Amino acid sequence: RWTNPPVMAQLKAKAKALGLWNAFIPLEHREFGGQGLTFSEYAAFCEEMGKSHLAPEACNCAAPDTGNMETLMKYGTKHQQEQWLGGLLDGSTRSAFLMTEPEVASSDALNISATIERVGDEYVLNGRKWWSSGAAHRDCKVGIFLGKMTGEGWGKDSGRSAHSQHSMVIVPLDSPGFRVVRPLKVFGYDHAPHGHAEVELRGVRVPAANLLLG
């Protein structure tokens with residue numbers, strides 16, 4: 001249940017052949033592909049895709065991948081783009097955005113309790129996230145993790161504004177210490193094969209180069 005039906009690969013190939021692939025890519029990032037649509041043109045495209053449950057993924061215009069890809073296009077280093085963006089752009093991998101937490105109102109990032117700590121040439125990530133859309137899918141290989149910086153130079157006594165203590169880090173989902181706890185249900189449905197997962201990060205170590213806009 002947690003893999004795409006064979007028809008999805010067929011639909012993706014057809015979308016590429018028809019020039020419907022990666023239509024979300026804005027004009028400013030046309031070097032990554034797409035059709036160079038304006039926002040209003042893409043809005044009409046989304047309206048048509050919204051008529052089918054399969055269409056957004058078939059055209060590689062599904063969340064959270066579109067937002068993650070745009071983040072990497074705009075803020076990712078050349079190395080980050082080479083390592084992670086290619087698979088997302090060609091549809092061979094999926095991604096997750098790891099922000100929402102179970103115990104706080106996470107729409108206000110000041111409430112986030114997950115932590116990012118610099119240790120040598122790595123960042124150590126700890127926290128629990130949920131409603132991480134797509135994280136349970138077998139093709140989901142990478143997530144963008146939002147956390148609060150901790151350790152030396154951070155915290156209440158650092159003199160930093162409360163609004164300047166958060167960062168986002170690219171985390172491979174096969175990292176030691178990363179665990180998909182369970183798929184969550186919405187009105188009784190787990191929305192396989194994508195779903196909305198609860199995930200746990202315990203001492204997950206990633207290279208310091210994985211920090212976005214670092």
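This is a short tour of the structure, stop by stop, with a selection to make at each one. Keep in mind that the model is predicted.

**Stop 1: the domains**

Start by colouring residues 6–62 as domain 1 and residues 96–212 as domain 2. If you place a marker at the C-alpha centre of each domain, the two markers will sit 28 Å apart.

**Stop 2: helix α1 and a surface patch**

Next, select residues 6–17, which make up helix α1, and pick out Leu11 within that helix. Is Leu11 buried, partly exposed or exposed? Leu11 is partly exposed, because its relative accessibility is 30%. Now add Val7 and Leu54 to the selection and switch on the surface: together with Leu11 they form a nonpolar patch. The accessible area of these three residues adds up to about 190 Å².

**Stop 3: the cysteines**

Show the cysteine side chains. How many disulfides does a search of the whole structure find? The count is 0. Begin with Cys46, which takes part in no disulfide; the nearest cysteine sulfur belongs to Cys61, 6.7 Å away. Cys46 is partly exposed, at 30% relative accessible area.

Then move to Cys59. Its closest cysteine sulfur is also in Cys61, at 5.7 Å. Why is there no bond between Cys59 and Cys61? A disulfide needs the two sulfur atoms within 2.5 Å, so the 5.7 Å between the sulfurs of Cys59 and Cys61 is too far. Cys59 counts as buried, with 8% relative accessibility.

**Stop 4: helix α5 and Leu85**

Select residues 78–89 to bring up helix α5, then centre the view on Leu85. Leu85 has a relative accessible area of 1%, so this residue is buried. Which residues does Leu85 contact once neighbours within four places in sequence are left aside? They are Phe32, Met69, Leu72, Met73 and Gln80, so show their side chains around Leu85. For a distance to try in the viewer, draw a line from the C-alpha of Leu85 to that of Glu70: it spans 9.4 Å, while the two residues are 15 apart in sequence.

**Stop 5: a loop residue, Ser106**

Finally, select strands β1 (94–98) and β2 (115–119), and look in the loop between them for Ser106. Is Ser106 buried or exposed? With a relative accessible area of 5%, Ser106 is buried. To see what lies around Ser106, display Met99, Thr100, Glu101 and Ile112, which Ser106 touches when residues up to four places away in sequence are not counted.

Definitions and conventions
Residues numbered from 1 in each chain as written. Predicted model: local features only at pLDDT ≥ 70, side-chain atom pairs only at ≥ 80, totals over all residues. Heavy atoms only, no water. Helix = DSSP H or I, 4+ residues; strand = E, 2+ residues; numbered from the N terminus. Buried < 20%, exposed > 50% of the residue type's maximum accessible area, 1.4 Å probe, protein only. Contact = heavy atoms within 4.5 Å. Patch = residues over 30% accessible without salt bridge, like charges linked within 9 Å, V, L, I, M, F, W, Y side chains within 5 Å. Areas by Shrake-Rupley, 256 points an atom, 1.4 Å probe, with all protein chains shown as cover. Salt bridge = Lys/Arg side-chain N within 4 Å of Asp/Glu carboxyl O. Domains from an automatic or database assignment.
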